[in-house]
Each structure stands twice: as structure tokens, then as C-alpha cells.
Protein chains: 2
Amino acid sequence: MDVTQETLYLLKEKGIRVTPQRQAILEYLKHVDTHPNAEEIYAHIRTKFAGISLGTIYNSLNMLCDKGLIQELAYGDTFSRFDGNPMPHDHIVCDVCRKVVDYHGPLLDNLLDLAQQESGFAIKGYRLELHGVCPACQN
Amino acid sequence: MDVTQETLYLLKEKGIRVTPQRQAILEYLKHVDTHPNAEEIYAHIRTKFAGISLGTIYNSLNMLCDKGLIQELAYGDTFSRFDGNPMPHDHIVCDVCRKVVDYHGPLLDNLLDLAQQESGFAIKGYRLELHGVCPACQN
DNA sequence: TTACTTGCAAATCCTTTGCGGTGCC
DNA sequence: GGCACCGCAAAGGATTTGCAAGTAA
């Protein structure tokens with residue numbers, strides 16, 4: 001199953017009405033390993049759909065987030081980035097160039113149990129963001 | 001040394017010009033264990049300085065952040081929260097009422113080493129945000 | 001004294017919303 | 001054919017900035 005077929009299937013499965021714009025946005029996010037913001041997504045989709053508006057980009061992104069097909073990364077910057085992989089995973093941020101890469105580290109189950117006992121919260125999950133300097137910026 | 005003396009000392013030590021507004025903001029953040037946003041800080045400081053403006057609140061908060069006296073928590077909401085404790089520590093967020101509490105968990109040194117080897121990044125630190133439901137919202 | 005701060009207001013940035021027309025199911 | 005979606009433009013909330021007047025060092 002190629003990516004176009006897969007995005008089509010995902011959208012239908014979640015009961016999201018399929019439009020060419022949404023397909024293109026989801027497909028783009030599944031392709032790239034950068035974590036683009038709305039503006040970057042807009043710029044790319046516009047090469048295929050010259051008339052698309054930024055409002056539609058935001059509408060689509062919000063819908064895809066709500067339905068769990070993508071995730072929003074709202075870590076510190078003034079804007080959000082979007083990640084085509086909805087599964088929980090960590091991110092490493094370069095403090096120099098602001099690049100964000102995925103990191104699949106060990107699960108912190110012990111820590112969650114401990115926190116739950118100490119805090120009284122019912123812990124559902126966590127978000128871990130590692131900070132550092134990427135190889136390209138270390139010169 | 002009381003809190004007023006301490007904030008005075010901290011400001012001078014960092015070479016920050018001391019103004020009553022800044023002292024009040026820093027003192028307030030050192031006192032409270034909530035993690036207020038700019039608007040809440042504004043509302044509180046205004047009870048002492050009727051004429052203070054929101055612009056000054058933001059200016060002061062940015063300066064205090066830059067100098068490392070407080071930290072900004074920009075986790076997901078449309079606005080930032082501020083924490084009077086600049087030392088690294090984790091936070092637990094209630095997904096229902098959005099309350100944020102501090103959590104001093106075990107350090108993730110092993111995980112940082114591992115991530116550094118696998119990613120090639122020079123890892124400097126991390127931010128961990130636990131999500132769940134606070135005791136008051138569990139009913 | 002003099003450079004840094006303040007208060008105010010306008011501006012900016014990112015994101016959401018309202019509306020008339022269109023296209024997916 | 002109906003309802004959800006689109007593009008557009010205007011509104012919205014949070015934060016920043018410019019400027020004249022005030023104040024800490």
C-alpha cells in the first residue's frame with residue numbers, strides 16, 4: 001500500500017471527509033522527517049494547490065490532531081510544529097538551529113508509577129523533550 | 001534573609017537594575033507554588049502598583065528569564081506560565097483543570113547518555129512534562 | 001547625569017472564526 | 001441534495017515594540 005492509499009484509508013477509517021487538501025497535508029506530514037510549522041506546510045501544499053488558504057491548513061491540522069492522525073508539538077517556540085507520527089515518542093531539539101528530530105527512547109514506566117504515588121495524580125502519559133546541539137551546529 | 005532581601009540580592013548579583021516593579025514580580029513568583037501566566041501576575045502586581053502595565057510585566061519576565069532567575073513554561077497552552085524556581089525540575093499537568101504542579105523526580109542521566117550516543121547531539125538537558133488528572137478532578 | 005525603565009498604545013505574530021459559494025458522499 | 005468543506009478576510013489572544021517621560025545608579 002503506497003502512501004496515497006494509506007492516507008486515504010486513514011482518513012476514511014476515522015470518519016474524516018476526504019478532500020484533496022487534507023490528503024495532501026496528511027501525505028506531506030507522513031513523508032517528511034522535519035517537523036514543519038503551519039507556514040511551512042502551507043508553503044509546500046501551495047505548490048500543488050495554488051489557491052489553498054492558511055485557514056484551511058489550520059482547519060485540517062486541527063481536525064487531524066483531534067482524530068489522532070498527527071500530533072502537535074507545542075514546545076517553547078511561539079508557534080506549533082506538527083508531527084505526522086501520532087505514536088508517543090520523544091524529541092530532541094537543537095538549541096542553535098531549532099531543528100527537531102525524533103527519538104525513540106526507553107519508556108519511563110517506573111518514573112510514571114513513582115510520580116503517580118507521590119503526587120496523587122492519575123498519570124496518563126508524558127512528553128519528553130531533550131535539548132542540545134545537533135551535529136551540524138557543533139562546529 | 002527574608003524574601004525581599006533575597007530578591008534584592010539576586011537582582012543585583014545578576015546585574016539587573018532594581019526597580020520596585022521587578023522586585024515585586026520576582027518576589028511574587030518566589031512565593032506562589034502555582035505557575036501563573038502573565039495576566040495573573042499582572043492582576044496580582046496591580047494590587048500593589050495600580051499603574052503598572054502589562055508591557056512592563058512582559059519586559060520584566062523576559063529579563064528575569066534571560067538572566068536565569070525564573071523559567072518560562074511553554075507547554076502546549078496558547079500562553080506561557082512562569083515558574084519562580086529556575087532549577088531544573090519536572091512538572092505534572094492536570095489535563096482537566098490545567099493546573100501545573102512541580103515534581104522532583106529522579107534524574108534521567110542514563111537516558112541522556114543513551115540519546116547522546118544514538119543521535120550525535122550534544123545533549124545539554126531535558127524538559128519532562130507528565131500528564132494526568134489531579135486528585136481534585138478525579139471525581 | 002545618563003542610560004535604562006516605565007506606561008501607554010499601536011503593532012505584530014500565530015491562530016481562529018464567519019460567511020458566501022463549492023464539492024464530497 | 002444536504003451538509004461539511006473551501007477560500008477569503010476579518011477578528012482574536014498573547015506578546016512585543018516604539019516613544020516620551022520618569023528614575024535608579
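Trainee: In this predicted model, what makes up the surface near DNA strand C when its residues are sorted by class?

Mentor: In the predicted model, the surface near DNA strand C holds nine polar, six nonpolar and three charged residues. Tyr counts as nonpolar in this scheme, and therefore Tyr58(A), one of the closest residues to DNA strand C, falls in the nonpolar class.

Trainee: How many residues surround DNA strand C, and why are they called near?

Mentor: DNA strand C is surrounded by 18 residues, the closest being Tyr58(A), Ser80(A), Thr19(B), Arg22(B) and Thr56(B). They are called near because each has a heavy atom within 4 Å of the strand. Of the atoms of DNA strand C that come within 4 Å of the protein, sugar and phosphate account for 78%.

Trainee: Which elements supply at least two residues each to that surface, and which gives the largest share?

Mentor: Helix 4 (54-66) of chain A does, together with helix 2 (20-31) and helix 4 (54-66) of chain B. The largest share, four residues, comes from helix 4 of chain A.

Trainee: What makes Ser80(A), Thr19(B) and Gln21(B) partners in polar contacts with DNA strand C?

Mentor: A polar backbone atom of Ser80(A) is 2.9 Å from a phosphate oxygen of the strand, while for Thr19(B) a polar side-chain atom lies 2.9 Å from a phosphate oxygen. For Gln21(B), a polar side-chain atom lies 3.1 Å from a sugar or linking oxygen of DNA strand C. The limit for a pair of N or O atoms is 3.5 Å, and therefore each of these pairs is called a polar contact.

Trainee: Which residues are closest to DNA strand D, and what share of its contacting atoms do sugar and phosphate give?

Mentor: The closest are Ile52(A), Thr56(A), Tyr58(B), Asn62(B) and Ser80(B), among 16 residues that surround DNA strand D. Sugar and phosphate account for 82% of the atoms of DNA strand D that come within 4 Å of the protein. By class, the surface near this strand divides into nine polar, four nonpolar and three charged residues.

Trainee: Why does Ile52(A), a nonpolar residue by class, qualify for a polar contact with DNA strand D?

Mentor: The atom concerned is a backbone N or O atom of Ile52(A), lying 3.5 Å from a phosphate oxygen of DNA strand D. The rule for a polar contact asks for a pair of N or O atoms within 3.5 Å, and so the backbone atom can satisfy it. Side-chain atoms take part elsewhere: a polar one of Thr56(A) lies 2.4 Å from a phosphate oxygen of the strand, and a polar one of Asn62(B) lies 2.9 Å from a phosphate oxygen. Two or more residues of the surface near DNA strand D come from helix 2 (20-31) of chain A and likewise from helix 4 of chain B, and the latter helix gives the largest share, three residues.

Trainee: How many residues does each chain bring to the contact between chain B and chain A, and what makes them count?

Mentor: Chain B brings 33 residues and chain A brings 33 residues, and they count because contact means heavy atoms within 4.5 Å. The area buried between the two chains is about 2,800 Å², with carbon and sulfur atoms giving 70% of that area.

Trainee: How many salt bridges and how many polar contacts are counted between chain B and chain A?

Mentor: The count is zero salt bridges, whereas twelve residue pairs are in polar contact, with both residues at pLDDT 80 or more. On the side of chain B that touches chain A, strand 3 (90-94), strand 4 (100-103), helix 5 (109-119) and strand 5 (122-133) of chain B each supply at least two residues. Strand 5 of chain B gives the most, with twelve residues, and by class that side has 22 nonpolar, seven polar and four charged residues.

Trainee: Why is the pair Arg98(A) and Asp77(A) called a salt bridge?

Mentor: The closest N and O atoms of Arg98(A) and Asp77(A) are 3.2 Å apart; the limit between a side-chain nitrogen of Lys or Arg and a carboxyl oxygen of Asp or Glu is 4 Å, and so the pair qualifies. Across the interface of domain 1 and domain 2 of chain A, the rule finds one salt bridge.

Technical notes
Residues are numbered from 1 along each chain as its sequence is written. Chains are lettered from A and ligands numbered from 1 in the order in which they are written. Side-chain values use heavy atoms; hydrogens and water are left out. A polar contact is a pair of N or O atoms within 3.5 Å; within protein, one must be able to donate a hydrogen and the other to accept it, and residues adjacent in sequence count only if both atoms are side-chain atoms. Buried area is the accessible area (1.4 Å probe) that two parts lose on being put together, summed over both.
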